[in-house]
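Dear colleague,

Please find the structure we discussed below, together with a short account of what was found in it. I would be grateful if you could read the notes alongside the coordinates.

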Amino acid sequence: MSIRLSSRERKMEWSDRIGRRIKLRDLHILLAVAECGSMAKAAKHLAISQPVVSRVIADLEQVFGVRLMDRDRHGAELTIYGDALLKRGVAAFDELRSGVAEIDFLSDPTVGELRIGAMEVIAAGFVAAVIDRISRRHPRIAFEVRTDGTTELDRELRDRNIDLIIGRVPGRIIDEKVDVEILFDEPTYVAAGMRNPLVRRRRRITLADLVDELWILPSRENVARSLITEAFHASGLQIPQRVVVANSMQMLNTLVSTGRFLALHSASYLRFSAGLVVKILPVEMPLLSTPVGIVTLKNRTLNPITKLFIEYAHTVARPLTKG
């Protein structure tokens, strides 16, 4: 026979059993043990004694009535119950951090910190332009920009290590856990250095003319790589074989400037990158236009700095939306 509790009784049970007995410090210690892999290392990291760490974990297990960590002579690791608790604990810490950031912003709107994820080409062009504009009005706002691959950035967002992602939407894992806000449509062009013979060619250039050229292309997991592959295949051609594979924009620009290599450049990078000297070849490139958007974690409170950045991003993107 099961006993069903009313919503009021459930709230009272939560308050009596958990709400009054669990402290944020307890979750912080649990997180430290999980990250360090042992109670001894966690104690050293937190500058507290190992018995204190052991007692906190034991008290948590008593409150929840399940084993949160498996211990042996090699260390300690989370059980499925501990993992479930810690996932919510990380979210709680993140919301508290956002709350502190909002209080700081409300007390002084010129101060804050924002963690951004973006592919290098987006970071070097569009994101840099947005940061430049914000920093002119709010010079005390700090920014951290991470330029990993798409998969790594999605993981960082889900782990709440970054506040938002700006990037091409195709190729990104879109699900019910994230919100996507489109900023602009991003065409991509074939770029050559000013000394490249193709720059002076009078007749029309086709993709077939470029198959045997030297190219610098992004790695296979990069969205731009899949775009150029689709473009060549759509024209009945194989992807160029004489290539240098690299994701570094500095290397790309250095090789293109020699006049020997071709590369892909996005419209936003061409618009916002200072000092870039290249020639866009008049090549019809099918399928080389994709939307760029802002990806945020659903059901996560956006702090004021994040909202401010999104507002500025829409302003900077406005000329791109008009072509």
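The notes below cover two pockets and one serine. Please bear in mind throughout that this is a predicted model.

The largest pocket has a volume of about 530 Å³. Its lining comprises 18 residues, and those nearest the centre are K87, R88, R158, D159 and R160. Two elements, α2 (24-36) and α5 (80-107), give two or more residues to this lining. The largest share comes from α5, with six residues. By character, the lining of the largest pocket consists of 10 charged, seven nonpolar and one polar residue.

The second largest pocket holds about 430 Å³ of space. It is lined by 29 residues, with M119, V121, P218, N222 and N247 closest to its centre. Among the elements that each supply at least two residues of this lining are the helices α6 (120-137), α7 (150-158), α8 (223-234) and α9 (249-257). The strands β5 (164-168), β7 (214-217) and β9 (261-266) each do so as well. Here the lining divides into 12 nonpolar, 11 polar and six charged residues.

The remaining point concerns S273, which is located in the loop between α10 (267-272) and β10 (279-280). S273 counts as buried because its relative accessibility is 14%, which is under the 20% cut-off. A polar atom of the S273 side chain lies 2.9 Å from the backbone oxygen of Y269. Setting aside neighbours within four places in sequence, S273 is in contact with A124 and G125.

With kind regards

Note on methods: Residues numbered from 1 in each chain as written. Predicted model: local features only at pLDDT ≥ 70, side-chain atom pairs only at ≥ 80, totals over all residues. Heavy atoms only, no water. 1 Å grid on protein atoms, 1.4 Å probe; cavity = no way out; pocket = protein on both sides within 12 Å on 5 of 7 lines; lining within 4 Å. Points joined across faces, edges and corners; volume = space filled by probe spheres on them. Helix = DSSP H or I, 4+ residues; strand = E, 2+ residues; numbered from the N terminus. Nonpolar A, V, L, I, M, F, W, Y, C, P; charged D, E, K, R; others polar. Buried < 20%, exposed > 50% of the residue type's maximum accessible area, 1.4 Å probe, protein only. Polar contact = N/O pair within 3.5 Å; in protein donor to acceptor, adjacent residues only side chain to side chain. Contact = heavy atoms within 4.5 Å.
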